[in-house]
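Please have the sequence and the coordinates open while reading this report. It takes up the cysteines, the largest pocket, the RNA strand and a few single residues in turn.

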Amino acid sequence: MLSLPYIRENKDLVIKGLAIRNFPNAEKLIGEVLDTDIKRRALQAELDNTLAESNKLSKEIGNFFKAGEVQKAAIAKEKTGKLKERSKTLNEELNGFENELTELLYQIPNIPNTLVPPGNSEEDNEVVFQDGEVPKLHQGAVPHWELAKKYDIIDFELGNKITGAGFPVYKGKGAKLQRALIAYFLDRNTEAGYTEVQPPLMINEASGLGTGQLPDKEGQMYHVGIDNLYLIPTAEVPVTNFYRDVLLKESDFPICNTAYTPCFRREAGSYGAHVRGLNRLHQFDKVEIVRIEHPDQSYQALDGMVAHVKSILQELKMPYRILRLCGGDLGFTSALTYDFEVFSTAQNRWLEISSVSNFETFQANRLKLRFKNKDGKSQLAHTLNGSSLALPRVLAGLLENYQTENGIKIPEVLQKYTGFDLIS
RNA sequence: GGAGAAAUGGCAGAGUGGUCGAAUGCACUGGUCUUGAAAACCAGCGAGGGUCACACCUCCGGGGGUUCGAAUCCCUCUUUCUCCGCCA
């Protein structure tokens, strides 16, 4: 959520920024926020004065009792009674405005970075980099779901039986390959300076609010009603929430974590050809990188994360490209996002395998994640995260691009993890 | 699941109805001393709101209550610890 002082001081910038996102009625909404804020502050001042007077009287009463002046104490007591009623009313009104304000602020997405191109949809995303050769596949090359069946490495029907659609069972060399990818990603990340962590796979409400999944997107998470917990949709949520309500020192930066976790997403409302096979699942594995940065350093950090993910894809020798998301495609909480896509040769389409974002202070504000700056004041930190990488689509791309007539080859960097170089 | 104890500033830890936003120690920041560092000494040092700046207000796990007045008393929730039971 944007901070009120920021909106107050940068009204025009905020409205302009929201326009890049095609956010409707920005001007009206921001106007409402500022109006409510003014009302809130006026009421706050009045309440403060009432309380100040009441506090003063209380002290006097104490002194009267000590001096044995019971009469005077009784008179003062009567006065405080009235003040108390007044402050109660004021407090209720104030709460009303505060709730209204919070609700308004929850509706406002992050302000896009100046690099973000305007646009409505995927088509307006900017391709900023592309590399890797699209392999020429043999006659009879097939999409991964057919390969999965042919070599018996992923069993979608079995998952249907046990749980439902979107919960595949990995078998044999398929399971091993998946484990190899996870180990490889984690190793690459820790080599790059990220600390490996294993967070809980369920989060409470406060954590969901902290990173912005709640209150609006609760329908996208699985909810364990009896304990009021949510299954994590990404490791970003528990790992970023490590730093909720934390006051850092400047010397703590940079904070770099990496975590492998399964991710759970309800994906309500997505059906059709694009969700076949591994393209869209309810449970999938992902290795995530999360950083907490000094605001002056966060964009450098973002570039570093992009370069890091890039280096992994180079090693895997996969055709990929990097997109800078346009305003219309940008996530609610993000200021700048780079998506990585691998080309799936057999499906003849690009598959998103990573999304690397800088949230600036948007999450930090809700998280109350701050640091003491050089002036000794507390200031909001910047949060960033990215996938490195999301397993199913990497696997899909890998199976499809590395298929030969004799079987599926294993990229060289993975062979020491798999212990085999061919699935046949 | 049962029984008990506890939750206070970055950390540790006093405080059991009125000048307590809170002793003390550690950590941190500045200074003196030193070639430099350490040690020692001196000073400063919680968070949020509010103000041009003060004033002022709020916060001692969360919520509610008693009282003129609550860190302190009561209720409730959450969490932690100890003991018992169960168990990977």
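## Cysteines

Why is the sulfur of Cys263 not in a bond with the closest cysteine sulfur, in Cys256? In this predicted model, the sulfur of Cys263 lies 20 Å from that of Cys256, which is too far for a bond, given that a disulfide requires the two sulfur atoms to be within 2.5 Å. A disulfide is, after all, a covalent bond between the sulfur atoms of two cysteines.

The structure as a whole holds zero disulfides, and Cys256, whose nearest cysteine sulfur is that of Cys263, is accordingly in none. With regard to solvent, Cys256 counts as buried because its relative accessibility is 14%, and Cys263 counts as buried because its relative accessibility is 0%; the cut-off applied in both cases is 20%.

## The largest pocket

The largest pocket of the predicted model encloses about 1,700 Å³ of space, and 50 residues line it, with Arg265, Arg280, Asp339, Glu352 and Ser355 lying nearest its centre. Two or more lining residues come from each of the strands β10 (283-293), β11 (320-324), β12 (336-344), β13 (349-360) and β16 (382-390), and likewise from the helix α12 (391-401). Strand β13 provides the largest share of the lining, namely nine residues.

Sorted by class, the lining of the largest pocket consists of 16 nonpolar, 19 polar and 15 charged residues.

## Helix α12 and strand β16

Helix α12, one of the elements that contribute to the lining of the largest pocket, is mostly covered, with 11 of its 11 residues buried. Among these buried residues are Leu391, Val394, Leu395, Leu398 and Leu399, and the list also includes Arg393, Glu400 and Asn401.

Strand β16, which also gives two or more residues to the pocket lining, is where His382 is placed. His382 is classed as buried because its relative accessible area is 8%, and its side chain is joined to that of Ser298 by a polar contact of 2.7 Å.

## The surface near RNA strand B

Which residues are closest to RNA strand B? Of the 18 residues that surround the strand, the closest are Asp48, Ser58, Arg370, Lys372 and Ser378. Sugar and phosphate make up 76% of those atoms of RNA strand B that come within 4 Å of the protein.

Individual polar pairs can be followed in the model: an N or O atom in the side chain of Asp48 is 2.9 Å from a sugar or linking oxygen of RNA strand B, whereas a polar side-chain atom of Arg370 lies 3.0 Å from a phosphate oxygen, and an N or O atom in the side chain of Asn55 is 3.2 Å from a phosphate oxygen of the strand. The elements that supply two or more residues to this surface are α3 (26-67), α4 (70-106) and β14 (370-372), and α3 gives the most, with 11 residues. By class, the surface near RNA strand B has eight charged, six polar and four nonpolar residues.

## Leu158 and Lys377

Leu158 belongs to helix α6, which covers residues 156-162, and it is partly exposed, with a relative accessible area of 31%. Leu158 and Lys377 are 219 residues apart along the chain, and a distance of 57 Å separates their C-alpha atoms.

Conventions. Residues are numbered from 1 along each chain as its sequence is written. Chains are lettered from A and ligands numbered from 1 in the order in which they are written. This is a predicted model: local features need pLDDT of at least 70, side-chain atom pairs count only at pLDDT 80 or more; totals for chains, interfaces and linings use all residues. Side-chain values use heavy atoms; hydrogens and water are left out. On a 1 Å grid over the protein atoms alone, a cavity is a set of points where a 1.4 Å probe fits but cannot get out, and a pocket is an open set with protein on both sides within 12 Å along at least five of seven lines; lining residues have an atom within 4 Å of a point. Grid points are joined across faces, edges and corners, and a volume is the space filled by probe spheres set on the points. Helices (H or I, at least four residues) and strands (E, at least two) are DSSP runs, numbered from the N terminus. Ala, Val, Leu, Ile, Met, Phe, Trp, Tyr, Cys and Pro count as nonpolar, Asp, Glu, Lys and Arg as charged, and the others, Gly among them, as polar. A residue is near a molecule or strand if one of its heavy atoms lies within 4 Å of it. A polar contact is a pair of N or O atoms within 3.5 Å; within protein, one must be able to donate a hydrogen and the other to accept it, and residues adjacent in sequence count only if both atoms are side-chain atoms. Buried means under 20% relative accessible area, exposed over 50%, partly exposed in between (1.4 Å probe, protein chains only).
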